[in-house]
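The following exercises concern a single protein chain. Each task is followed by a solution that proceeds step by step.

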Amino acid sequence: MTARPVRGLLLRLAGPLQSWGTHSKYLQRDTARFPTRSGVIGMLAAGLGRPRGASLDDLTALSMTVRVDRPGVVLSDFHTVGGGLPADETVITVNGEHRPEGKGTLVSKRYYLADASFVVALTSDDEALLQSCADALRTPHWPLFLGRRSCPPEGPILLGIVEDPLHHLTRMPLATKKPRTSPQPIEFYGDRPLGILPLTAVVPGHDHGDHHSGEVNDEPISFAPSARQYRPRPLYRRSALLPDAEYGGLATDYLRKLQLYTDTHFTAPKRSAWWHCG
């Protein structure tokens with residue numbers, strides 16, 4: 001007997017800039033090449049209006065799978081912190097003291113993904129949790145951003161609550177143009193084995209995503225400012241060649257195809273257009 005598909009949320013994470021740190025510390029702020037669990041769970045917690053020290057146990061029970069529509073380009077940005085402030089307001093040292101006058105300016109290097117686009121499936125057996133997360137993404141308590149406050153999304157994040165979101169993750173339009181030359185594989189990343197993805201054309205020489213390809217330190221334990229904690233979790237990766245018909249193009253061409261797909265397949269409950277593109 002085939003197991004009943006798990007329900008879940010489908011999110012679209014796209015914007016001019018995104019940044020999903022995995023080991024950012026002090027003056028070096030990195031970004032992963034795909035949305036992290038800590039970043040997405042933090043976004044849900046912000047939408048729900050949870051204090052930073054609140055429990056995350058229910059949110060960390062969500063399973064997350066990412067489809068990379070456009071990987072984007074890594075950019076580095078030059079920042080200075082603490083410059084021009086009086087001595088009693090400069091950046092605090094690890095000893096809890098203020099830096100001396102004239103030495104308060106620090107140089108920080110921060111990395112971003114430019115022009116990237118992802119679709120994320122969040123799955124769970126907890127219907128009430130899925131509904132509360134969906135409501136929070138539609139009408140968030142605090143503003144939502146793509147990893148950092150300086151990275152707002154370019155449009156609504158929630159695509160909908162659907163039956164079998166992994167099915168739609170492999171069939172809904174891609175936010176990119178069809179390659180002019182040889183087909184390019186689409187990457188999937190997950191926190192669970194990806195052999196369950198309903199794919200028909202895998203990349204020769206790649207496995208079925210049932211074995212983790214490493215670890216990433218992005219499972220949040222606490223977002224408390226003075227006691228942030230994360231733990232490592234296995235990372236699963238799978239590459240696949242998707243049909244040409246799934247390439248939705250860019251800008252309004254893609255948005256129209258995405259709107260048509262959601263109107264056709266996301267039928268329960270009936271909802272208004274999530275994006276008006278003319």
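A residue is called buried when its relative accessible area is under 20%, exposed when it is over 50%, and partly exposed in between. The model under study is predicted.

**Exercise 1. Helix H1**

Determine which residues of H1 are buried, and check whether the span of the helix agrees with its number of residues.

Solution.

Step 1. Apply the cut-off of under 20% to each residue of the helix. Arg37, Ser38, Gly39, Val40, Ile41, Met43, Leu44, Ala45, Ala46 and Gly47 meet it in H1.

Step 2. Describe the helix as a whole. Ten of the twelve residues of H1 are buried, and the helix is thus mostly covered.

Step 3. Calculate the expected span. The rule multiplies 1.5 Å by one less than the number of residues. For the twelve residues of H1, numbered 37-48, this gives 16 Å, and the end C-alpha atoms are indeed 16 Å apart, so the two values agree.

Step 4. Inspect what follows the helix. Glycine 49, just after H1, has a positive phi of about 75 degrees.

**Exercise 2. Strand S1**

State how S1 is covered and how it is joined to S6.

Solution.

Step 1. S1 comprises residues 8-18, and nine of these eleven residues are buried, which leaves the strand mostly covered.

Step 2. S6 comprises residues 158-162; it runs antiparallel to S1, and four bridges join the two strands.

Step 3. Locate one pair of facing residues. Leucine 10 has glycine 160 of S6 opposite it.

**Exercise 3. Salt bridges**

Examine three salt bridges, and state for each how accessible its two partners are.

Solution.

Step 1. Recall the principle. Side chains of opposite charge can pair when their charged atoms come close. A search of the whole structure yields 13 salt bridges.

Step 2. Consider arginine 67 and aspartate 69. Their closest N and O atoms are 2.7 Å apart, which satisfies the limit of within 4 Å. Arginine 67 has a relative accessible area of 0% and is therefore buried. Aspartate 69, with 4%, is likewise buried.

Step 3. Consider aspartate 115 and arginine 70. In this salt bridge the closest N and O atoms are 3.1 Å apart. The pair links distant parts of the chain, since aspartate 115 belongs to strand S5 (residues 106-123) and arginine 70 to strand S3 (residues 63-70), 45 residues apart. Aspartate 115 has 48% relative accessibility and therefore counts as partly exposed, whereas arginine 70, at 16%, is buried.

Step 4. Consider aspartate 244 and lysine 178. The closest N and O atoms of this salt bridge are 3.2 Å apart. Aspartate 244 lies in the loop between strand S10 and helix H5, and lysine 178 in the loop between helix H4 and strand S7, so the pair ties together parts that are 66 residues apart in sequence. Aspartate 244 is partly exposed at 46%, and lysine 178 is partly exposed at 48%.

Step 5. Look for shared partners. Arg37, Asp191, Arg192 and Glu219 are joined into one network by salt bridges that share partners.

**Exercise 4. Threonine 22**

Is threonine 22 buried or exposed, and which residues does it touch?

Solution.

Step 1. Threonine 22 is found in the loop between S1 and strand S2.

Step 2. Its relative accessibility is 19%, and threonine 22 therefore counts as buried.

Step 3. Leaving aside residues up to four places away in sequence, threonine 22 touches Asp30, Ala32, Thr36, Val216 and Asn217.

Step 4. The side chains of threonine 22 and aspartate 30 are also joined by a polar contact of 2.9 Å.

Technical notes: Residues are numbered from 1 along each chain as its sequence is written. This is a predicted model: local features need pLDDT of at least 70, side-chain atom pairs count only at pLDDT 80 or more; totals for chains, interfaces and linings use all residues. Side-chain values use heavy atoms; hydrogens and water are left out. Buried means under 20% relative accessible area, exposed over 50%, partly exposed in between (1.4 Å probe, protein chains only). Two strands pair if DSSP finds at least two bridges between them. A salt bridge is a side-chain nitrogen of Lys or Arg within 4 Å of a carboxyl oxygen of Asp or Glu. A polar contact is a pair of N or O atoms within 3.5 Å; within protein, one must be able to donate a hydrogen and the other to accept it, and residues adjacent in sequence count only if both atoms are side-chain atoms. Contact means heavy atoms within 4.5 Å.
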